[in-house]
Amino acid sequence: MKMQFRKYQRINFDNYIKFFILIISCSAFAQQYTISAKLSGIKEDGPHVIYIGSQFRSLTDEQPEIIRILDSKNKEVPYFLEYVPSTVNAQGFKQYPIISKAKVKGKTSSVTIENTDGSKMQELTLAIANTDAVKTYSISGSNDKKEFFGLVNGQVLSGLYNPADTRVYKTLFLPLHNYKYIKIEFDDKKTLPVNVLEAGQLTESITPIAMEEVVPNVTIKQSERGRKTLITVKQAHWILIDRMVFDIKGPSFYKRNARIMVNREEKVKRKVRKTVSVIEEFELDSSTKNAIDFTHFEEKEFIIEIDNNDNPPLDIKSVKFYQVPLRLVADLKAGEKYTVVTGNTQLGAAEYDFINFKDKMPKNLPVAVLSDASAINTGKSSKDASTHSPWIMWVCIAAGAAIVIYFCISMVRDMKDKEKR
C-alpha cells in the first residue's frame, strides 16, 4: 500500500507540473499585446496627462478601452480615459438674451435672440443640452420683431453630443448682417425639440481646443456628364471622425445636396449580397463655412457624393477631417519607465479606483509625451504590425493548441508507462 501511494503521488506531482506549465503557456498567449509606445517627460511624481494621437488610436481600431499602461515590472498602472472637453470660458462668451421661445408640437420650435448693441454679426454660438438628434434649421432676422427676413434656410445641425459635458457649443454661420432680432427655427417633425440654453458670440480671448487632423487618402473625380462629384476616402485603419471641412474655391454661389455612402455586405439565404448604404446627408452652401460635425462617425472607407445637376462641378480645393483629442490621466512616478500597450482585443474596459478621483484633479496637469507606436518584438512599422496581426493571432492559437496536444499525449504516455512498471 505504501509503494502504491508513493507511485500515485509521484504521478500526480508530475501531472501538476505539466499542467502548471500548460497554464503559463496559455496565459502567455492570452496576454498578447501587439502595439506599444514609450512615455517620456515625467519630471515629477503625480497625475499626468497622456495625449493619444490618431496614429496610436487607429491601431486600436478605435477601441481605446483596451489600452493599458505598464511600468518597468509589467504591472498595470491605473488611469482614466476622457475626451478633451469643449468647454467655453464664461469670460470669453458674449451672451445675448433669449427673449422668447415658441413651439408648435410635432412641427417646429424656435428661439428669438436679441442683438442688444445692433453690431454686425456673421456667426452665432448656441449652447445646447446634450442630444443625439440631428436637426434641420432656418435663421431669419428682424428689426421690429414683426417682419422677419431670411438669412439661412434648411441647414443641418448635427454633432450635438459632448462626452465630456452636459452641453455642447455649436457655432452657426450667417451672412453678414446687423438685425436686432434673430430667430432660429428648428424642424421637429421627425425628432423632439432641442434645448437651447444660451446664445452668444465667442470673443477673441477664447483659445478654442484644436481638433487633431486625420489624413486619409482622398481622391476626387466627376461622373461622365459632371452631374455628380464623387470623393473617395480610404484609411488604413478604422478611425473616428468628428468633423469634416470642405475648402471650395467656386463658383461664387452654390447650394448642393450631398451624402456619405458606404459599401456593406449582407447575407441573404446563405448568399453574400453587396449593397450601398447612405449613412449621412448634408448640404454644401456658399454662404456657410461647410464644416460638418458628426455624432459618432467611424468608417474605414466611404464615398461622398455631391449632386451637381446641371451646374458646373464645385472647385474643391481640399476636404479635411478632424477628431476630438483623446487623453489618459495616470498617476506616474519620475524616473520610472512606462510603456503604453494595446492590440489585445480579448481585454475589456479596465476598472480602476483612480476614476473616482477624476473631479479632484488639478486643471493644469503636466503632460507625459507618448512616442510613435511600434510593433512589439519586431522591427516592422506599426502599420505592418496592424496588417499582419491576424496571422500572428492564428500562429499563437496554433502554437497554443500544439502545446496542449503535446502535454496531453505526454501525460497519457507517462501514466501508461508507470502503470506497466
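Analyst: A salt bridge is a side-chain nitrogen of Lys or Arg within 4 Å of a carboxyl oxygen of Asp or Glu. The model discussed here is predicted. It holds twelve salt bridges.

User: Why is the meeting of E299 and R264 called a salt bridge?

Analyst: Their side chains meet at 2.8 Å, N to O. The cut-off is 4 Å, so the pair qualifies. E299 sits in strand β19 (residues 291-307) and R264 in strand β17, 35 residues apart. The pair therefore links distant parts of the chain.

User: How do you know whether E299 is buried or exposed?

Analyst: The relative accessibility of E299 is 9%. Buried means under 20%, so E299 counts as buried.

User: And what makes R264 partly exposed?

Analyst: R264 has a relative accessible area of 32%. Partly exposed lies between the 20% and 50% limits, so R264 falls there.

User: Why do E283 and K255 count as a salt bridge?

Analyst: The distance is 3.2 Å, N to O. That is within 4 Å, so the definition is met. E283 lies in strand β18 (residues 271-285), while K255 lies in strand β17 (residues 255-268). The pair thus ties together parts 28 residues apart in sequence. E283, at 17% relative accessibility, is under 20% and so buried. K255, at 45%, is partly exposed.

User: What makes K135 and D188 a salt bridge?

Analyst: Their closest N and O atoms are 2.6 Å apart. The limit is 4 Å, so this pair also meets the definition. K135 belongs to strand β9 (residues 135-142). D188 belongs to the loop between β12 (181-187) and β13 (196-202). The pair therefore ties together parts that are 53 residues apart in sequence. K135 and D188 are buried.

User: Which residues are linked in a network of salt bridges?

Analyst: K228, R259, E305 and D307 form that network.

User: What makes the phi of N74 worth a remark?

Analyst: Phi of N74 is near 60 degrees, a positive value in a residue other than glycine. N74 lies in the loop between β3 (68-70) and β4 (79-83). At 60% relative accessibility, N74 is over the 50% limit, so it counts as exposed.

User: Where is K145, and what is its phi?

Analyst: K145 is in the loop between β9 and β10 (149-157). Its phi is near 65 degrees, again a positive value in a residue other than glycine. With 49% relative accessible area, K145 is not over 50%, so it is partly exposed.

User: Which peptide bond is cis, and what is its omega?

Analyst: The bond from G250 to P251 is cis, with omega near 5 degrees. P251 is placed in the loop between β16 (228-250) and β17.

User: What makes a set of residues a nonpolar core?

Analyst: The residues must be buried, of nonpolar kinds such as Leu, Ile or Phe, and joined through side-chain atoms within 4.5 Å. The largest such core has 28 residues. Those with the most contacts inside it are L39, I50, I52, F56, I69, L332 and L370. Strand β21 (326-332) is one of the elements giving two or more residues. The largest share, five residues, comes from β21.

User: What is L370 in contact with?

Analyst: Leaving aside neighbours within four places in sequence, its contacts include L39, I50, I52, F56 and V340. Apart from this core lies another, of 24 residues, among them V262, F302, L314 and F321.

Terms used:
Residues numbered from 1 in each chain as written. Predicted model: local features only at pLDDT ≥ 70, side-chain atom pairs only at ≥ 80, totals over all residues. Heavy atoms only, no water. Helix = DSSP H or I, 4+ residues; strand = E, 2+ residues; numbered from the N terminus. Buried < 20%, exposed > 50% of the residue type's maximum accessible area, 1.4 Å probe, protein only. Contact = heavy atoms within 4.5 Å.
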